[in-house]
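Dear colleague,

Please find below the sequence and the structure that I am handing over to you. My findings follow directly after them.

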Amino acid sequence: MRDLSPQILSEWDEFTTDHLKEKEQAAFNARKNAIIAVARGMSMASAAKKYGVNAKTLSETIGKAVSVASDGRMNGWRAALPYKVRTPSKKTPVEYPKNAGPGAFRTFLTLAPSICEFLETYSGRLPERNFPSKQFESFFNKYRSKVKELIPRDRYPANDPKCARRSVIGYIRKQRLGRPFVDEAFEIEDNVAAAQFPDVFALQLCDWTQYDGHKLDCDICVEGEDGDGQSALQRITCTWLLVGYLALLRMCCSWKLCFGRNYNGTDFNEACANGLRSWTPRALVSPSMAYVAGSGIGTSEAIGFVACGAITSMDNAMAHRLNVNRQKLASQLRGVIHFGKSGVPEARGHLEAWNKRLEETTIRKLPGGYRPAGDVSEKENTTNYNSANYPSSPDSLEDLMDVTISASNVGERNSLQMRSPTQVLQTFYASGGWIFSTTTLDDQARELSQLQFSGVFRGSKKNKKQPYVRFQYAKYRSAAVKNRWDLIGQRFIARIDIHDARFIRLYDESGELFVVLRAIRPWSRTAHSLALRRLIYRNSKNGNFEIRGANDAVEVYRNFLRSLFASSSDAATMMAQHRDALDAIQDSNETSKPPAEPSKAIKARKVFVPLSGPVTLGKKGRLK
């Protein structure tokens, strides 16, 4: 062509096509070679035939390539990308569409560029099923007002009851995915999509932390006592391993073993908190088990302190979206918190490969280990030992996980030139590599489990009901606010530890500690998590047992599980999952004190001693 020459081709920007699919790369290379041939003097038809490109497509591609884009430069090689650069439509709509239909929303945006620019300004979360977004609703109301001001009432989308809500969400979502909203009237440039975080950020070895839960391929049996005190064996329903993993270093920085059909947000919170703490060796149960010399979890054993990541990746499972996790992850883990799609292990490929290696080297060698069924294969046992003949204890399993995982951090890796993650980290640190850390990691780990909410004092001076705060099926009181009827109806900032829900701290508007409240019976004696409290309340609500009038709800629940241990695997699983709380049940004459204040950032003027011992609920007569 007259407008095409090798000199013009040399001015076009080159770019990588690694992000394209194989078929798209082949089409791009064919068009590029054909354009080069035409620039060197070959005819259009000959170049198209030689490189397998449609002659009409080649002619249109060259026309787009020499045309000027919105950035003031030629489209160049961008035009050779399939479906990336569109020819401006010669037909320009002159009026807004009358009704909804194919192309109606595109026509509306073409005639209303101010609305299009307004939609592109939204950066909040989009609503999903069962996850509404208040921020989007506020934004959509402003969008609806602009549409009513600009568009006649009898035209689309002003005459649509939902004001094209679905099209608005789809437009914003496609813009975020890097796939521009395709419109014949728009001139669209190529956007190179980033597949991994290293394509966007210059990450160091300790900057990228990945968290995920992995179901262990092993049928585990445990031994316990039934309601009569007799020993019995029972199989665990399912076992999960929650892991925090420094992806670029190939090092595990935290883990948590969970028992149940799925892990919950409390387990995930503890796994994240463990990643902020220095690792401490366990007191191993088995005398024949020992740690590998120099091994450890995380970076503290290798370089003397705990490294903090800049990006934390996880999927959008319900356990990760617990209220306290949404409150605290960004503020305490800091940096970027990335929620990916659940059920897509490729998004965390390094961690998935580490889990697979742990399965093959450890889990599937235990009694009851198996390889799960696939599309063309059935479930296969990987050991000849029956788990019923070799029962395990949760403590010994945790010992095994700690020893094995710590040893993996000092094992050689092919991807690290046959060096261990510990050696790579020590070399990187000794050479002056940047590793971020803070001196407040212990405070951050404690703060991670502090759920903040609004607490309101309730009560009745007329009925002699002392002021109390209700939260999660429990009432909280303190002798310090006895007869303080002026507090009824007042609202305070409340904080509770999700791992020990017996105490609530109330703070005034200036952030000073006002009072510490303690739960009354049956939630006051044994330390328990909010997850365990919800589980106990749900079982009581279903009529499995009665906690009303009991001294300790946790003790009632333990007796209930023991009565079902011999016949129910779910009961055995719950006893294993909540064994710390069930084993910590106190005697009737023991009392407990509130734990230390979680954060040093808030200084209390005066701390009141919470109420302890029996509590009068104000009801007379015997409980029926």
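**Findings: a helical span and a sheet**

In this predicted model, residues 34–60 are 74% helix and 0% strand, and the C-alpha atoms at the two ends of the span lie 12 Å apart. An unreviewed UniProt entry lists these residues as "domain: HTH psq-type".

Two packed helices are described by the angle between their axes and the distance between the axes. For helix 3 (residues 44–51) and helix 4 (residues 55–66), the axes come within 9 Å and cross at roughly 115 degrees. Angles of 65 to 115 degrees count as roughly perpendicular, and helix 3 and helix 4 are therefore described in that way. Their crossing is right-handed. On the helix 3 side, M44, A47 and A48 take part in the contact, meeting A55, L58, S59 and I62 of helix 4. By class, six residues of this contact are nonpolar, one is polar and none is charged.

Further along the chain there is an open sheet of seven strands, with antiparallel pairing and the order 10-14-15-16-13-12-11. Strand 10 (450–456) and strand 11 (458–460) stand at its edges; each has a single partner strand, so one side of each lacks a neighbour in the sheet. On average, neighbouring strands are turned by 35 degrees against each other, direction ignored.

Within the sheet, strand 12 (residues 465–471) and strand 13 (residues 474–477) run antiparallel and are joined by three bridges. V469 stands opposite Y476 in strand 13.

Helix 11 (residues 323–333) lies across strand 10 and strand 14 (491–497), at about 120 degrees to strand 10. Helix 16 (residues 530–541) lies across several strands, including strand 15 (500–507), to which it runs at about 115 degrees.

With kind regards

Conventions: Residues numbered from 1 in each chain as written. Predicted model: local features only at pLDDT ≥ 70, side-chain atom pairs only at ≥ 80, totals over all residues. Heavy atoms only, no water. UniProt positions renumbered as here; feature names shortened; annotations may be inferred. Helix = DSSP H or I, 4+ residues; strand = E, 2+ residues; numbered from the N terminus. Axes fitted to C-alpha atoms, helices over the stretch in contact; angles between N-to-C directions. Parallel < 35°, antiparallel > 145°, perpendicular 65-115°, else oblique. Left-handed = near helix turned anticlockwise from the far one by under 90°. Contact = heavy atoms within 4.5 Å. Nonpolar A, V, L, I, M, F, W, Y, C, P; charged D, E, K, R; others polar. Pairing = 2+ DSSP bridges.
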